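Here's a quick walk through one model, from single residues up to the sheet. Have a look at the structure first.

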Amino acid sequence: MTQKKLVENLLKLSENSEGLVEAGRVKAVCAFVEQKFSEINAVKILKLYKKGLDLRIAQQSSKVFYSGSLDDASKQVLAAFAKSKGAISGLEFLEEDKLIAGIKISVGDRVWENSLRLRLEMLAQSLGV
């Protein structure tokens with residue numbers, strides 16, 4: 001089994017049935033790696049494991065920023081989009097007036113934005129302002 005496949009399996013073991021990372025499971029995985037692998041290999045595996053954990057934990061914190069107001073139907077569409085991009089749970093909706101008009105969605109370290117503010121920034125860049 002490759003290290004990449006091993007780490008993927010360890011990450012799956014770190015999640016509960018809802019796909020959320022649990023501290024107790026992480027602790028058990030770390031103990032398993034320390035027991036089963038040499039120190040050098042354990043360090044390599046745990047570094048890759050931590051990188052994967054960071055991403056999964058970040059995905060558990062997904063946010064939708066909007067300006068104005070959103071109805072329930074719009075929230076459902078945005079939640080479906082976020083889920084299709086890897087959001088695991090707990091989508092948070094936050095009003096942000098700086099957007100001027102539009103939406104910004106963050107899932108982990110990835111961001112999608114469609115707003116008047118972004119379009120104005122892009123126009124200013126193209127004009128050299």
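## A buried lysine to start with

This is a predicted model, so treat every value here as computed from it. Lys 104 is a good place to begin: its relative accessible area is 17%, and it counts as buried because the cut-off for that label is under 20%. Its charge has a partner, though, as Lys 104 makes a salt bridge with Glu 96, with 4.0 Å between the closest N and O atoms. Glu 96 is buried too, also at 17% relative accessibility.

## The other salt bridges

How many salt bridges does the count come to? It comes to five, and two more of them are worth a look. Glu 113 pairs with Arg 117, with the closest N and O atoms 3.0 Å apart. Glu 113 is partly exposed at 23% relative accessible area, and Arg 117 is partly exposed at 23% as well.

Then there's Glu 22 with Arg 25, where the closest N and O atoms sit 3.3 Å apart. Glu 22 is partly exposed at 33%, and Arg 25 is partly exposed at 34%.

## How the sheet is put together

Four strands make an open sheet, ordered S2-S1-S3-S4, with mixed pairing. S2 and S4 are the edge strands and have a single partner each, so one side of each has no neighbour in the sheet. On average, neighbouring strands are turned by 15° against each other, ignoring direction.

The parallel part is S1 with S2, joined by four bridges; there, Tyr 66 has Glu 95 in S2 as its bridge partner. The antiparallel part includes S3 (residues 102–107) and S4 (residues 110–115), which pair over six bridges. Ile 105 is bridged to Trp 112 in S4. Two residues separate the strands in this hairpin, and Gly 108 takes a positive phi near 65°.

## Helices on the sheet

H4 lies across S1, S2, S3 and S4, and runs at about 35° to S3. H5 also packs on the sheet, where it touches S3 and S4, and its direction makes about 90° with that of S4.

## Two spots to click on

Is Ser 62 buried or exposed? With 1% relative accessibility, Ser 62 counts as buried. It belongs to strand S1 (residues 62–66), and, leaving out residues up to four places away in sequence, Ser 62 touches Ala 87, Gly 90, Leu 91, Glu 92, Ser 106 and Val 107.

Gly 86 is in the loop between helix H4 (72–84) and strand S2 (92–95), and is partly exposed at 24% relative accessible area. With the same sequence neighbours left out, Gly 86 touches Gln 59, Val 107 and Arg 110. For a sense of scale, Gly 86 and Phe 37 are 49 residues apart in sequence and 31 Å apart in space, C-alpha to C-alpha.

## A nonpolar patch on the surface

Which residues make the nonpolar surface patch of about 610 Å²? They are Ile 100, Leu 116, Leu 120, Leu 123, Leu 127 and Val 129. Val 129 comes in the segment after helix H5 (116–126). It is exposed, with a relative accessible area of 80%, which puts Val 129 over the 50% cut-off for that label.

Key: Residues numbered from 1 in each chain as written. Predicted model: local features only at pLDDT ≥ 70, side-chain atom pairs only at ≥ 80, totals over all residues. Heavy atoms only, no water. Patch = residues over 30% accessible without salt bridge, like charges linked within 9 Å, V, L, I, M, F, W, Y side chains within 5 Å. Areas by Shrake-Rupley, 256 points an atom, 1.4 Å probe, with all protein chains shown as cover. Salt bridge = Lys/Arg side-chain N within 4 Å of Asp/Glu carboxyl O. Buried < 20%, exposed > 50% of the residue type's maximum accessible area, 1.4 Å probe, protein only. Pairing = 2+ DSSP bridges. Contact = heavy atoms within 4.5 Å. Axes fitted to C-alpha atoms, helices over the stretch in contact; angles between N-to-C directions.
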